[in-house]
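User: I would like a close look at one part of this structure, namely the paired strands and the salt bridges around them. Please take me through that part step by step.

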Amino acid sequence: MRTPAAMIVGLVLCPCGLLLTLTGTLAPNWRQVSLIPDQPIDLILEQGIWDMCRERQSSHDRHCGQADELGYFEQVPVRVAQGMMPTSLVLTLLGLVVAALGVRCWQKEPRHLLAGVAGIMLLLSGLLSLVPASWYTQELWALPAPAGSTLVVGYSLVLSYLGSCLEILGGLALALSFHHCCKERRAPRVPPSPVLEAGPCSTIAAYRNPWDVLEDEQDGRHWRSTLPCDSDL
C-alpha cells in the first residue's frame, strides 16, 4: 500500500516549519530599531527574545549581548515568547517522532490512529508558536524603545509566523488519518464462508482462509456438499 498523500504532505511541511521556528526563536531579530537619536545614522539595534545586537551597516561591525537599559526583556509579550517558543519546539520534535512511527513508510500499512495523534500534537505546537508571534506583533510599537527611533519588523518574527503556519497545515494533514480509522471501524466484518470445489460430485469443501479449517475441526463441524451424483440417480 502506498503512503497516503496527506501523510506525505504532513511529513514535508512539519520539518520545514520546525526549522523556520527554530531559526526565529534563536535569531535576535524580532524587531529592528533604527534612526536612533544621538547615534550614528547607520546604527541598527536588533532585538530578539533572548539577546540584543548592535550593528553598523557601513562597516558590518556587530556586537551582541547589549545591556537592556529600557526593560525590554521584562515585558510580558517577550516573557511569553520565551516560554512558549521552546515549548513549541519540544512538542514539534515529539510530534515528528510519533508521526514517523505512525506513517511507517517502510511498512505496507500505516498506523492511522498514531498518525492522527501526531497531527494533533503538531497542530498544537504550531498554535503555541503562533500565539507569541502574534502577540509580539500587536505590541511591537508599544514595547520600550529609544524615543524618536524607527521600529521595523525583524526577519525572525516573519520566520516564526511562517514556521507556525507550516506546522499547523502539516498537523491538519496528518490529522486526516482519523478519517481512515473511522472507515475501518464502520466497515462490516463478514465471516469467511466455505466455497465448494469445482466438480459435479465433490464432497470436500474448500475454504477461503486456512484458519477456517482449524476452527471447523475444533468445533466438530464438517461441511458436505448436497449436490446429487450420477451414482445416486
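Analyst: A salt bridge is counted here when a side-chain nitrogen of Lys or Arg lies within 4 Å of a carboxyl oxygen of Asp or Glu. By this criterion, a search of the whole structure, which is a predicted model, finds four salt bridges.

The strands provide the setting. Strand β2 covers residues 43-47 and strand β3 covers residues 52-56; the two pair in the antiparallel sense over five bridges. Together β2 and β3 form a hairpin, with four residues between them. On its way along the chain, β3 also takes part in a hairpin with β4, again with four residues between the strands. Strand β4 comprises residues 61-64, and four bridges join β3 to this antiparallel partner. In the hairpin of β3 and β4, histidine 60 takes a positive phi near 55°.

Glutamate 55 deserves particular attention. In the pairing of β2 with β3, glutamate 55 is the bridge partner of isoleucine 44. Glutamate 55 also stands opposite arginine 62 in β4. The side chains of these two charged residues are in contact as well: arginine 62 forms a salt bridge with glutamate 55, with 3.1 Å between the closest N and O atoms. Which of the two is buried, and which is partly exposed? Glutamate 55 has 18% relative accessibility and therefore counts as buried, because the limit for that class is under 20%. Arginine 62, at 34%, counts as partly exposed.

The neighbouring residue in β3, arginine 56, has a salt bridge of its own, made with aspartate 42 at 2.9 Å from N to O. Arginine 56 belongs to strand β3, whereas aspartate 42 lies in the loop between β1 (31-34) and β2, so this pair ties together parts that are 14 residues apart in sequence. Aspartate 42 counts as buried at 15% relative accessibility, while arginine 56, at 31%, counts as partly exposed.

A further salt bridge involves helix α2, which spans residues 76-103. Glutamate 74 forms this salt bridge with arginine 79, the closest N and O atoms being 2.8 Å apart. Glutamate 74 is exposed at 53% relative accessibility, and arginine 79 is partly exposed, with a relative accessible area of 45%. Elsewhere, salt bridges with shared partners join Glu46, Glu55 and Arg62 into one network.

To return to the strands, β3 pairs with β2 and is joined to β4, and glutamate 55 has a partner on each side, isoleucine 44 and arginine 62.

Terms used:
Residues are numbered from 1 along each chain as its sequence is written. This is a predicted model: local features need pLDDT of at least 70, side-chain atom pairs count only at pLDDT 80 or more; totals for chains, interfaces and linings use all residues. Side-chain values use heavy atoms; hydrogens and water are left out. Two strands pair if DSSP finds at least two bridges between them. The expected span of a helix is 1.5 Å times one less than its number of residues. Buried means under 20% relative accessible area, exposed over 50%, partly exposed in between (1.4 Å probe, protein chains only).
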